[in-house]
Amino acid sequence: MRERTRALLAHRHFQRFIIAVILVNAGTLGLETFPNVVERYGDLLVVVDHLALYIFVAELVAKLYVERQNFPRDPWNIFDTVIVGIALAPATGGLSVLRSLRILRALRLLSAVPSLRKVISALLRAMPGMSSIVLLLSLVLYVAAVLATKLYGATAPDRFGSLPTSLFTLFQTMTGDDWGNIAREVMTRHPSAWIFFTVFILVCTFVVLNLFMAVVVSAMDEEAAAERAELEAEIEDVSAASTQRILDELAGLRREVAELRAHTVSGTASDTASGTASGTASDTASGRRSGRGRSSRTKGRASA
């Protein structure tokens, strides 16, 4: 029973069914944001939502039945359990905010779609390298904020009047949001301010942020290389097993041929021995008969 359940959970059609349920559930949760749709089809949306939740719970119970003590060892199982647990929490009283968190069930696509799992695994693999880049970016942002506060605080107090304000303004500049107007406002009193903003944007946007992309791409390449190595190892194991099976079959065939040869040789020897013995016996019997004939003829002659 457990093996049948395991095969059902791993079947391609069942996984597609779960993905379809997730998409339908996400669509119904989105439709609940339209008052006119809720007014006309509210009961149907509730039924679909509860049905999807029951399917998710049944899937988790089946996984727990199949994997047992190995269930908590898979991070994706923990992720699915948290998402479904939030949906099962009562949405009344102080926990009414959890009702809006039902949309988190759409995040189950991350665990249901293998390609998305690969992307998440690559991002997690890139976290050590990304932490170093975050530290570098924070350092550059802090140094630039201190400089901007001291240089342009009196000119644009709404933008650079304090360190927190400067940090927010430079973060906005780093994202490219309205940085031109910020720079022009400062350049009315400090014409050389364009140098500061140009260097800051080049360092933060075109260097540091691109390092993020480089680290993520490198992590994805490592993930793909690990998958290729695992696939090659599986292929080698399968080929080695098939080769060993073929060798075992050849050895068995050789033993059978040797046994047949031995049986044939022994049969030929026994046939030869029996033929020789029968030939000798027949020769002896014929010799006796001829001797009797001669003696009878001799007796006849003597009596005559």
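Which residues of the largest nonpolar core touch the most other members?

1. The model under review is predicted. Its largest nonpolar core holds 26 residues, and those touching the most other members are Tyr 152, Phe 160, Leu 170, Val 186, Phe 196, Phe 197 and Phe 200. Two or more residues of this core come from each of the helices α7 (114–152), α9 (163–174), α10 (179–187) and α11 (193–303). Helix α11 gives the most, namely ten residues.

2. Tyr 152 deserves a separate entry. With neighbours within four places in sequence left aside, Tyr 152 is in contact with Phe 160, Val 186, His 190, Ala 193 and Phe 196. Apart from the core just described lies another one, of 18 residues, which includes Leu 53, Ala 62, Ala 112 and Val 113.

3. Thr 169 is placed in helix α9. Is this residue, Thr 169, buried or exposed? Thr 169 has a relative accessible area of 3%, and it is therefore classed as buried, the cut-off being under 20%. Its side chain reaches the backbone oxygen of Thr 165 at 2.9 Å. Beyond the neighbours within four places in sequence, Thr 169 is in contact with Arg 159, Phe 160 and Ile 182. Phe 160 thus appears among the contacts of Thr 169 and also among those of Tyr 152.

4. Ser 218 belongs to helix α11. Its relative accessibility is 34%, so Ser 218 counts as partly exposed; that class lies between the limits of 20% and 50%. Which distance separates the C-alpha atoms of Ser 218 and Gly 129? The separation is 10.0 Å, although the two residues are 89 residues apart along the chain.

5. The next point concerns a helix pair. Two packed helices are described by the angle between their axes and the distance between the axes. For helix α3 (residues 35–67) and helix α4 (residues 75–88), the axes come within 10 Å and cross at roughly 140°. The crossing of α3 and α4 is left-handed.

6. Which residues make the contact between α3 and α4? On the α3 side they are Leu 53, Phe 56, Val 57, Leu 60, Lys 63 and Glu 67. On the α4 side they are Asn 77, Asp 80, Thr 81, Val 84, Ala 87 and Leu 88. By class, the residues of this contact comprise seven nonpolar, two polar and three charged. Leu 53 of α3, which takes part in the contact, is also listed in the core of 18 residues.

Notes
Residues are numbered from 1 along each chain as its sequence is written. This is a predicted model: local features need pLDDT of at least 70, side-chain atom pairs count only at pLDDT 80 or more; totals for chains, interfaces and linings use all residues. Side-chain values use heavy atoms; hydrogens and water are left out. A nonpolar core is a set of buried Ala, Val, Leu, Ile, Met, Phe, Trp, Tyr and Cys residues joined through side-chain atoms within 4.5 Å. Buried means under 20% relative accessible area, exposed over 50%, partly exposed in between (1.4 Å probe, protein chains only). Helices (H or I, at least four residues) and strands (E, at least two) are DSSP runs, numbered from the N terminus. Contact means heavy atoms within 4.5 Å. Axes are lines fitted to C-alpha atoms, for helices over the stretch in contact, and angles run from 0 to 180 degrees between N-to-C directions. A crossing is left-handed if the near helix is turned anticlockwise from the far one by less than a right angle, and right-handed if clockwise. Ala, Val, Leu, Ile, Met, Phe, Trp, Tyr, Cys and Pro count as nonpolar, Asp, Glu, Lys and Arg as charged, and the others, Gly among them, as polar. A polar contact is a pair of N or O atoms within 3.5 Å; within protein, one must be able to donate a hydrogen and the other to accept it, and residues adjacent in sequence count only if both atoms are side-chain atoms.
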